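Work through the exercises below with the coordinates open. Each task is followed by a solution in steps.

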Number of protein chains: 2
Amino acid sequence: MSYNFIENGTITSPKGFTAGAICGSIKEENTTKKDIMMVACEKVCSAAAVYTKNLVKSDAITVTQEHLKDGKAQAIVANSGNANACNADGYKVASDICRLCASVLGIKTEDVIVASTGVIGVPLPLMPFEKNLFLLKKGMSKENGTDCAEAIMTTDTVKKEMAVEVELGGTTVTIGGIAKGSGMIHINMGTMLSFVTTDAAISSEMLKEALKEAVEDSFNMVSVDGDTSTNDTLAIMASGLAGNKEITTKDQDYKIFTQALTDGLKSLAKKLAADGEGATKLLICSVQGAKTKKDARNIAKTVISSSLVKTAMFGADANWGRILCAIGYSGMNVDVKKVNVSFESAAGEINVCQNGAGIGFDEEMAKNILLADTVTIKIGLGDGKEEAEAYGCDLTYDYVKINGDYRT
Amino acid sequence: MSYNFIENGTITSPKGFTAGAICGSIKEENTTKKDIMMVACEKVCSAAAVYTKNLVKSDAITVTQEHLKDGKAQAIVANSGNANACNADGYKVASDICRLCASVLGIKTEDVIVASTGVIGVPLPLMPFEKNLFLLKKGMSKENGTDCAEAIMTTDTVKKEMAVEVELGGTTVTIGGIAKGSGMIHINMGTMLSFVTTDAAISSEMLKEALKEAVEDSFNMVSVDGDTSTNDTLAIMASGLAGNKEITTKDQDYKIFTQALTDGLKSLAKKLAADGEGATKLLICSVQGAKTKKDARNIAKTVISSSLVKTAMFGADANWGRILCAIGYSGMNVDVKKVNVSFESAAGEINVCQNGAGIGFDEEMAKNILLADTVTIKIGLGDGKEEAEAYGCDLTYDYVKINGDYRT
């Protein structure tokens, strides 16, 4: 199996998709910041999505769920600046946005996916969509995919996008995607919004399965602050225009496609974590030697979510006791006396704990390793062969600052 | 039922107990800070304890569990500055500390409760105990209870102690206690250490039951940072010297005693939360109108644990959307359309969300209310009659600062 990431790849890299974004002044008045985006395909696509598990959810999700019941979609419309959640008229507004989008694109309302992100509990006006969708449509092109990544940003400091190419039976298939989110990010659907396109030919059923699998090792392994948003949506559309033999069962092509999708989503997940609110570094927790996959995943997620581990990493403090402590309350069955811990970064690797107890180590060297942009916390459980990786970031002064006055 | 808190009450307020503390230079070299404490009773007491649920735990806990198997104890010895956790020789050290304590007090080693708090993974030397326990014993008195509260402090900024009096069948019974802990505090055993004494006559079995009940609504409802310590221990000793009719069944006296114990522990729990690492204010989340007690407790705990709610409270930002969001991911079954939210403090009360949607409110007034030292987030579920309260604090720059370089 061979696949590679495309430089400057984005949501319009796969065949058949155009995109664009515009300033609707939802995010702020008197600005030119883009806050409405559309992605559309020249034909109706197989489509699937996964959503927040929060009971309190945006009406955009309810509408999208209805529209995706038939496993088909042709466009995505999304806005930032307002989550359209906890509003009395939210369902009507989300439906009307789909109707407007369908009308300017000349497609069916039921083939539109809608998503929103931003502040909760403030009514989302329809006006910005009425005023701007037609103009937005006129500017849609192959080249403007990256504008969409920009338009869905809220407290994000960088755009998150990717595209990956993979061979399916001699045919090159492309997967592209964008994501946003840097706060309210936790282990179930650790994202606010992510939209993915592909030109692979794949049935709706198989696309749904592939997405579910790919999410397990990517977005479901990210934690920024332990909060699960009301709006998390990850939607995928497959145009089939690559011309590969359609995937309709879990055959070899399905496996290759799912692996490429997983790695594509992982790259977005890491970008989310690295851009976590206030983060100064990307943290990766790599667990090896677990008895079961569940053990490995839960331990990695618990360690990456610990406020005390996150603050220690901010301070470049090799306080491995906090890592053992987090392993201990993960709820998994671990033999503490077999646990090894080391830290790794571009500056090197250092062992700090062997068989559940501290070992002498060079504090200066540890500090240097922990000062890097990307730090991997490696945990060996010595209990089996399963492994997992979770992605997170340090907890910093700026996280507090950003969230201490988000609305004001 | 009538009971009242005793001004300046502490662990030596109940009849039969003396206490003292000393500087053993465990916390720091070249200082006079007290870091070893002992509490002892003139007779063997009924005793019980609850512990951390962390799989990685201090050997002090293992030793205490063994000593409390018979439901009897006569003394507590504890230190700060070193958790005696994740050390190869931890069990031996904890046992030796008990032996030393028993020897200077002239009691049985099996009647000693031992506890430690501080940094994890650094061997705890026996020397400070060998050098100081005898001197410590000589200084023990009725008056020195408050020194114990001081000796167990780590990042705590204030001592936590209380005593409460209650009538049992015409006899006055006293409960006194101390606690420490301001980080690594989460909803299961939300404390590092707490020691409680009483002169009530009560059997070991009933004392254990009363403690279990009292913890549910007090320490199990506190969250500072979501981390569960390796060392959490809450131990209670009952001397029986008040002379009440011994409690041996769940009769009226048991109920009165348990209620007084609950309220005593609640007062310590609130002090823990208010002194949470870096906290500028005590947050209380009061949930009413829940269908079940479990719903009420879990929702209160989830809201008080949310990093986004905690940072909003630090910024005195009435961002109720984050509260609804947290209710939504609590895992409880809630009808969002019935949820009301208001904020209350000494400065007044303001409704911000009715029937799951925002209502217009005076932002200036809300800010004033949220600027208080103690803020109550009131949540009405409109779904039943059960209620619960959880205790926490805001998430601030100083939390990050304290934990960014705890060891260095």
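Two strands count as paired if DSSP finds at least two bridges between them. The model is predicted.

**Exercise 1. Determine how β3(B) and β4(B) pair, and find the bridge partner of Met37(B) in β4(B).**

Step 1. Locate the strands: β3(B) covers residues 36-51, and β4(B) covers residues 72-82.
Step 2. Count the bridges between β3(B) and β4(B): there are 7, and the sense is antiparallel. The cut-off of at least two bridges is met by these 7.
Step 3. Look up Met37(B): its bridge partner in β4(B) is Ala78(B).
Step 4. Check the burial of β4(B): 10 of its 11 residues are buried, and the strand is mostly covered.

**Exercise 2. Find the operation that superposes chain A on chain B, and name the relation.**

Step 1. Superpose the chains: the operation is a rotation of 180° with a shift of 0.0 Å along the axis, and the RMSD is 0.0 Å.
Step 2. Classify the result: this is the relation of a two-fold axis.
Step 3. Search chain A for the C-alpha nearest the axis: it belongs to Tyr397(A), at 2.5 Å.

**Exercise 3. Describe the side of chain A that touches chain B.**

Step 1. Count the residues in contact: 51 in chain A and 50 in chain B.
Step 2. Assign them to elements: α8 (307-314), α9 (320-328), β13 (357-358) and α11 (397-404) of chain A each give two or more residues. The largest share, 6 residues, comes from α9(A).
Step 3. Sort the residues on the chain A side by type: 24 are nonpolar, 21 polar and 6 charged.
Step 4. Compare the two sides: 98% of the interface residues of chain A are also interface residues in chain B, so the copies meet through the same surface.

**Exercise 4. Is Gly243(A) buried, partly exposed or exposed?**

Step 1. Place the residue: Gly243(A) is in the loop between β9 (233-238) and α6 (252-274) of chain A.
Step 2. Apply the count: Gly243(A) is partly exposed because it has 14 C-beta neighbours inside 10 Å, while a buried residue needs 20 or more and an exposed one has 12 or fewer.
Step 3. Take the distance to Glu364(A): the C-alpha atoms are 56 Å apart, with a separation of 121 residues along the chain.

**Exercise 5. Which residues touch the most other members of the largest nonpolar core?**

Step 1. Take the core: it holds 290 residues.
Step 2. Rank its members by contacts within the core: Phe257(A) and Phe257(B) touch the most others.
Step 3. List the contacts of Phe257(A), leaving aside neighbours within four places in sequence: Val166(A), Leu168(A), Val173(A), Ala200(A), Ile202(A), Ala210(A) and Ile247(A).

Conventions
Residues numbered from 1 in each chain as written. Chains lettered and ligands numbered in written order. Predicted model: local features only at pLDDT ≥ 70, side-chain atom pairs only at ≥ 80, totals over all residues. Contact = placed C-beta atoms within 7 Å. Helix = DSSP H or I, 4+ residues; strand = E, 2+ residues; numbered from the N terminus. Nonpolar A, V, L, I, M, F, W, Y, C, P; charged D, E, K, R; others polar. Least-squares fit on C-alpha atoms with pLDDT ≥ 70 in both. Core = buried A, V, L, I, M, F, W, Y, C linked by C-beta atoms within 7 Å.
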